[in-house]
Amino acid sequence: MAKLDGKKLLACCANGAGSSLMMENAIKKVLKKYDIKPGELRHCAVSEGKSAARSYDVVFCARTFAKTFEGIEANGTVLIPLKNVMSDKEIEAALKEADLLD
């Protein structure tokens, strides 16, 4: 079983509409490549994500918002800050670095 199967994933951007949706699509591309079926994958604004993050297994955001999520890792949530939120290659590399891809 893949490490991300059944896990809850959250993609956050400033307003929760444009970049986070494109980030979600890039994440889906990586998940499909590895045949991973998450329990949930959604996108939202950073303001919503800040309060919701602790109930997710993995949170993706632009590097500029990483400080917003300080402390979530204490609960076991993995934070994946990205330089290019639309890059499936960067997302794949970040998930490998976090030891979340087999």
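Student: Why is the radius of gyration of the protein chain said to agree with a compact globule?

Tutor: The rule for a globule is 2.2 Å times the number of residues to the power 0.38, with the radius taken over C-alpha atoms. For 102 residues that comes near 13 Å, and the protein chain has 12 Å, so the two agree. Along its principal axes, the C-alpha trace spans about 30 × 30 × 20 Å. Please keep in mind that this is a predicted model, where local features need pLDDT of at least 70 and side-chain atom pairs count only at pLDDT 80 or more, while totals for chains, interfaces and linings use all residues. Residues are numbered from 1 along each chain as its sequence is written, and side-chain values use heavy atoms, with hydrogens and water left out.

Student: How many helices and strands are there, and what makes a run count as one?

Tutor: Helices are DSSP runs of H or I with at least four residues, strands are runs of E with at least two, and both are numbered from the N terminus. The protein chain has three helices and four strands. Read from the N terminus, their order is β-α-β-α-β-β-α.

Student: Why is Val 30 called buried?

Tutor: Buried means under 20% relative accessible area, exposed means over 50%, and partly exposed lies in between (1.4 Å probe, protein chains only). Val 30 has 2% relative accessibility, so Val 30 counts as buried. This residue sits in helix H1. Over the whole protein chain, 46% of the 102 residues count as buried.

Student: Which residues does Val 30 touch, leaving aside neighbours within four places in sequence?

Tutor: A contact means heavy atoms within 4.5 Å. By that test, Val 30 is in contact with Asp 88, Ile 91, Glu 92, Leu 95 and Leu 101. Asp 88 is 58 residues away along the chain, and its C-alpha atom is 6.2 Å from that of Val 30. Asp 88, Ile 91, Glu 92 and Leu 95 are also among the buried residues of helix H3 (residues 88-97). Helix H1 (19-33), strand S3 (58-62) and strand S4 (78-82) are included in what covers the buried residues of H3.

Student: Is Thr 77 buried or exposed, and how do you know?

Tutor: Its relative accessibility is 3%, so Thr 77 counts as buried, although Thr 77 is found in the loop between S3 and S4. Not counting residues up to four places away in sequence, Thr 77 touches residues including Ala 53, Tyr 56 and Ile 72.

Student: What lies 2.8 Å from a polar atom of the Thr 77 side chain?

Tutor: That is the backbone oxygen of Tyr 56. A polar contact is a pair of N or O atoms within 3.5 Å; within protein, one must be able to donate a hydrogen and the other to accept it, and residues adjacent in sequence count only if both atoms are side-chain atoms.

Student: Why is Asp 35 called exposed?

Tutor: Asp 35 has 53% relative accessibility, so Asp 35 counts as exposed. Asp 35 is in the loop between H1 and strand S2 (40-45), and its phi is positive, about 55 degrees, although Asp 35 is not a glycine.

Student: And why is Asp 99 called partly exposed?

Tutor: Its relative accessibility is 48%, so Asp 99 counts as partly exposed. Asp 99 lies in the segment after H3. Its phi is near 60 degrees, again a positive value in a residue other than glycine.
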